[in-house]
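Thanks for asking me to look this one over. Below are a few notes to read with the model open beside you.

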Amino acid sequence: MLKHTLNHSRLAIAVTVALSGVGAAHAAADCVMPQPRPPQAQESVSADGKTTTIITPENTIFAAQDPFAEPPGSNHLPTVYKNVCDGNGVEILNTLPSTPEHPYNLHPDPVITPIDKTSPTDDLMVALKQISKSDREYYEDHYGRYEDHDRHNDKMSFKAAVQLGLDILEGNPVPNRNYSGIPLLHYNGPNKIKRVQPIFDNAGNKIGGMVEVHQIWFDSHIEGDTNMIDPSDVLDVPWTIHYKVDTLNRGHEDFAPMVMYFDDPALSPPGMPPMPNVLMDQTFFPMEDGTRTEYMMRMAQGKYYNLSYHWGWRQHPPRVQVIENARKRVGPKSLPEWETSVFGQNPRADEASKLAAIAKIGDLAPAKRMWNTLREIQARGKANKKQIKELNRAFEQWHNRTKLPDGVKADPDSDWTLAFLNNTIYGEMKGILDESQATYPYWNTRGKTVKIKLLNGDYFDHAYFNVDFGGRRGWENTFQSTEVIGGAGHWFTFGRAHWWVNAGMPTDNRPGLIMTPPATKVNGGDVIGEHNVVMQMNFEPSRRLRWYQFDPLHHEVAVWSVH
């Protein structure tokens, strides 16, 4: 494996490299024009308001061909080593992620440093073991002989173990941990909005911008300190994301931020959102446990920015985290307004604000179940067998978002059931036993109809959005194997795709957002909100990804993509 010996003194050089080429004229450039845009899907709602039906138009761009039986399929485009154009023929900078000569075309060599790899999972496990010792019989049944486990942690008191669990869930400071301050309860969205800071040359000309993003990767999780970026100050210049990615225990992965770009907003009719253009993997760089990898990722001009979709193919979903454009509006509100309308202006302002925000998270969510139980134990000063069992059960289910947790049942009449819980999505597919990732092998050719059950266990509205990753408009591989440096080898290459919306965007022929109402409390229990989606797919999927589906109102980790 290639060894990187870069140090932090080179970061300043990387900033200069990331901003290179700014200031030149790019109109009528030699670039790849957008693929043809198909008609919008037809969308209707049943008379009782409980079912949304989507019929996508017949694909007239590509011939019908099963891309899995006859790979790569008719919708696979030839590779063109050029940047992409907008609809006016203007070059969108930094949209060619890889070439044979420059495999990592959008960032200089990352800076890699060793860190403590202890993850939230590791410390939660220690805390739960300590709490479980209060019932010797349970502990021995589930963790083995009392005296044979975690002797080095025996000094942690029962009280300290309970508080550690709460600190991890709430995102309170935890000394000497790289995950400190990043909660596992997803209630602090309004605190995670950042603005790109512009950069000027010596003559006062704006040449770019910079924003810093910190992420932690561990187990099946990606969590971060940023869920939205505001590019208002760099709309006409390229800019840079300075990623600090901490790969914790069991987080080994290939870093693959997939950026999605709009067309020029000026090309859309008044009142309409920008039109979809392209998406691409910006890199595919392997990361090892116990390392911090810093990337200086070059971005296009800010006016084109839609979102950055960070995904780990080894566990996908649920290993995913998204950063949205804070300027976007969905329905009647901006994305920041959707967050603050639920969680308040500053959920971390004080204890009362934090508790009010956490109260919006559904009690059926495994992370919330752990939190509720820990607070009960803390109030009593001891744990009973039932509480210990519930803590450990919730902990196990928090690990796995490809199976529905206790209290949530899959719909036997739907192809898959998605449950909004903890501002994220848990899912389960009918007839699919492999829980390592969500793969639906039954849609290969046009004409397939799928049924989706949406369940909402949180105490606020969630919406549904479904995006096509190049099945209708085409996709390409831009290069190469990362096997030489310990990456995914021949399994994945960088990709570009011309994306399109299948469902969820209000337009002239669509009635509005696909909403799933919140859960409500009835006689001390939760009544889960429900909605049904029926989709007829009249085109072939991309081999890269069949469906990208998420909550557009609270997007960050509320994603459940289907391969």
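1. In which helix is D123 found? Before the answer, a reminder that this is a predicted model. D123 is found in helix α2, which runs over residues 120-132.

2. Is D123 buried or exposed? With a relative accessibility of 7%, D123 counts as buried, because the cut-off for buried is under 20% relative accessible area. Leaving aside residues up to four places away in sequence, D123 touches T118, L164, I168, R177 and Y179. Two of these names come back in the next points: L164 and I168 are among the buried residues of α4.

3. Helix α4 covers residues 158-170, and its length is worth a quick check. At 1.5 Å a residue, its 13 residues should span 18 Å; the C-alpha atoms at its two ends lie 19 Å apart, so the model agrees with the expected value. Just after α4 comes G171, which takes a positive phi of about 80°.

4. Which residues of α4 are buried? They are A161, V162, L164, G165, L166, D167, I168, L169 and E170, so you will find charged residues such as D167 and E170 in the list alongside L164 and L166. The cover over these buried residues includes α2, α6 (351-358) and α7 (366-380).

5. Now to the strands. Six of them form an open sheet in the order β1-β2-β30-β22-β20-β21, and the pairing is mixed. At its edges are β1 (42-45) and β21 (424-429), each of which pairs on one side only. From one strand to the next, the twist averages 20°.

6. How do β1 and β2 pair, parallel or antiparallel? The sense is antiparallel, over 4 bridges, with β2 made up of residues 51-55. If you want a place to look, V45 stands opposite T52 in β2. As background, strands of a sheet pair through backbone hydrogen bonds, either parallel or antiparallel.

7. Last, a loop residue. P274 sits in the loop between β12 (253-262) and β13 (276-281). P274 has a relative accessible area of 24% and is therefore partly exposed. Setting aside residues up to four places away in sequence, P274 touches F262, D263, P265 and S268. How far apart in space are P274 and K328? From C-alpha to C-alpha they are 9.6 Å apart, with their positions 54 residues apart in sequence.

Methods: Residues are numbered from 1 along each chain as its sequence is written. This is a predicted model: local features need pLDDT of at least 70, side-chain atom pairs count only at pLDDT 80 or more; totals for chains, interfaces and linings use all residues. Side-chain values use heavy atoms; hydrogens and water are left out. Two strands pair if DSSP finds at least two bridges between them. Axes are lines fitted to C-alpha atoms, for helices over the stretch in contact, and angles run from 0 to 180 degrees between N-to-C directions. The expected span of a helix is 1.5 Å times one less than its number of residues. Buried means under 20% relative accessible area, exposed over 50%, partly exposed in between (1.4 Å probe, protein chains only). Contact means heavy atoms within 4.5 Å.
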